[in-house]
Amino acid sequence: MARIVVVGSISMDLVATTTRRPEPGETVLGTGFAMVPGGKGSNQAIAARRAGAEVEFVGAVGTDVFAADVRKVLDEAGVGTAQLRSVDGPSGITVIVVDSSGENSIIVVGGANARMTSLSDADLAAVAAADMVLCQLEIPIPTVAAATRHARAHGTTVLLNPSPAQEVPRQLWENVDIAVVNQGEAAQLGSVLDAVPHVVTTRGGSGAVYRGPEGELSHPGVGVDVVDTTGAGDTFTGALAAHWHEGPLTALAWACTAGALATTKLGASASIPERAEIERLLSRQP
């Protein structure tokens with residue numbers, strides 16, 4: 001069982017469904033609404049745990065009405081929350097609009113995530129003791145850089161999902177072992193990814209490709225009935241992290257299968273599949 005520390009964001013997702021997403025200045029009628037705990041860090045932590053890893057979460061919630069609910073979803077998933085701190089003010093909020101095809105538009109409001117500006121000695125000790133640290137870019141970049149730098153110094157593998165895409169110091173990239181990007185992020189980052197030893201690029205319903213010391217590998221898309229793509233990328237990344245120690249090809253298979261299953265339900269954390277679901281669908285693939 002891989003030991004993974006996720007240093008990242010946690011938030012409440014406010015999800016509205018509609019036949020089609022509005023154009024600028026337009027109002028459309030919605031067909032449903034749900035509040036679902038999310039955040040890229042939290043989603044990836046839960047996905048890694050459900051895919052079979054031992055996971056500890058390093059992050060921050062606020063002192064508002066959402067804090068208890070977003071913490072609870074990690075606890076119920078079996079993710080360690082000893083390093084989940086509370087800071088004054090609102091928790092992170094994500095506003096999501098999902099259309100009838102399952103495509104979405106997302107606005108992220110940092111809240112407590114934006115105030116996670118340092119790592120404690122206990123946070124750093126958890127990173128040093130892990131097999132892998134998993135980071136995203138919904139918390140301040142200096143905090144991500146500190147986590148990856150400490151991981152590199154202690155032999156902990158670093159997986160970075162550079163999303164939402166933004167400028168990252170080159171020194172941070174020097175500490176990254178694995179990057180997981182979608183096609184848009186890959187195009188935006190361009191040659192920056194050349195220095196990363198292992199790069200995994202997701203291709204939506206067409207699966208994913210890997211580039212690294214073992215050459216180029218790919219896994220096809222997994223056919224499912226898509227309801228909502230929110231959180232599918234996070235589920236992919238968490239499952240990939242959980243099975244990375246088994247080699248890139250096996251990790252790709254787990255990740256593509258878990259990511260596909262995540263699109264079959266509404267909401268991010270609520271749609272993340274359990275290990276048994278992933279194994280069943282894996283067993284039916286050629």
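**Exercise 1.** In this predicted model, determine how the reach of helix α7 (residues 232-243) stands against the expected span, and decide whether the helix is largely enclosed or not.

*Solution.* Begin with the length: α7 has twelve residues, and from its first C-alpha to its last it reaches 17 Å, which is close to the 16 Å expected at 1.5 Å a residue. Next, apply the burial cut-off, under which a residue is buried if its relative accessible area is under 20%; among the residues of α7 that pass are A232, D234, F236, L240 and H243. Because eleven of the twelve residues of α7 are buried, the helix is largely enclosed by the rest of the structure.

**Exercise 2.** Classify the geometry of the pair formed by the rings of Y210 and W244, and state which parts of the chain the pair ties together.

*Solution.* The structure holds one aromatic pair. The ring centres of Y210 and W244 are 6.1 Å apart and their planes stand at 55°; since planes under 30 degrees apart would count as stacked and those over 60 as edge-to-face, the pair is tilted. Now place the partners: Y210 belongs to strand β12 (residues 208-212), whereas W244 sits in the loop between α7 and α8 (248-262), so the pair ties together parts that are 34 residues apart in sequence. As to accessibility, Y210 counts as buried at 1%, and W244 is buried as well, with a relative accessible area of 14%.

**Exercise 3.** Of the nine salt bridges found in the whole structure, examine R85 with D123 and K72 with E76, and establish where the partners of each lie in the chain.

*Solution.* Take R85 and D123, whose closest N and O atoms are 2.6 Å apart. This pair links distant parts of the chain, with R85 in strand β5 (residues 80-86) and D123 in helix α3 (residues 121-129), 38 residues apart. R85 is partly exposed at 23% relative accessibility, while D123 is buried at 2%. Turn then to K72 and E76, where the closest N and O atoms are 3.7 Å apart. Both residues belong to helix α2 (residues 67-77) and, being four residues apart, are separated by about one helical turn. Here K72 is partly exposed at 46%, and E76 is exposed at 59%.

**Exercise 4.** Describe the lining of the largest cavity by element and by class.

*Solution.* About 30 Å³ of space lies in the largest cavity, and its lining includes S9, I93, V108, N113 and E138. The elements that give two or more residues to this lining are β6 (92-98) and β7 (104-109). Sorted by class, the lining has three nonpolar, five polar and one charged residues.

Key
Residues numbered from 1 in each chain as written. Predicted model: local features only at pLDDT ≥ 70, side-chain atom pairs only at ≥ 80, totals over all residues. Heavy atoms only, no water. 1 Å grid on protein atoms, 1.4 Å probe; cavity = no way out; pocket = protein on both sides within 12 Å on 5 of 7 lines; lining within 4 Å. Points joined across faces, edges and corners; volume = space filled by probe spheres on them. Nonpolar A, V, L, I, M, F, W, Y, C, P; charged D, E, K, R; others polar. Expected span 1.5 Å × (residues − 1). Buried < 20%, exposed > 50% of the residue type's maximum accessible area, 1.4 Å probe, protein only. Phe/Tyr/Trp six-rings, centres within 6.5 Å; stacked < 30°, edge-to-face > 60°. Salt bridge = Lys/Arg side-chain N within 4 Å of Asp/Glu carboxyl O.
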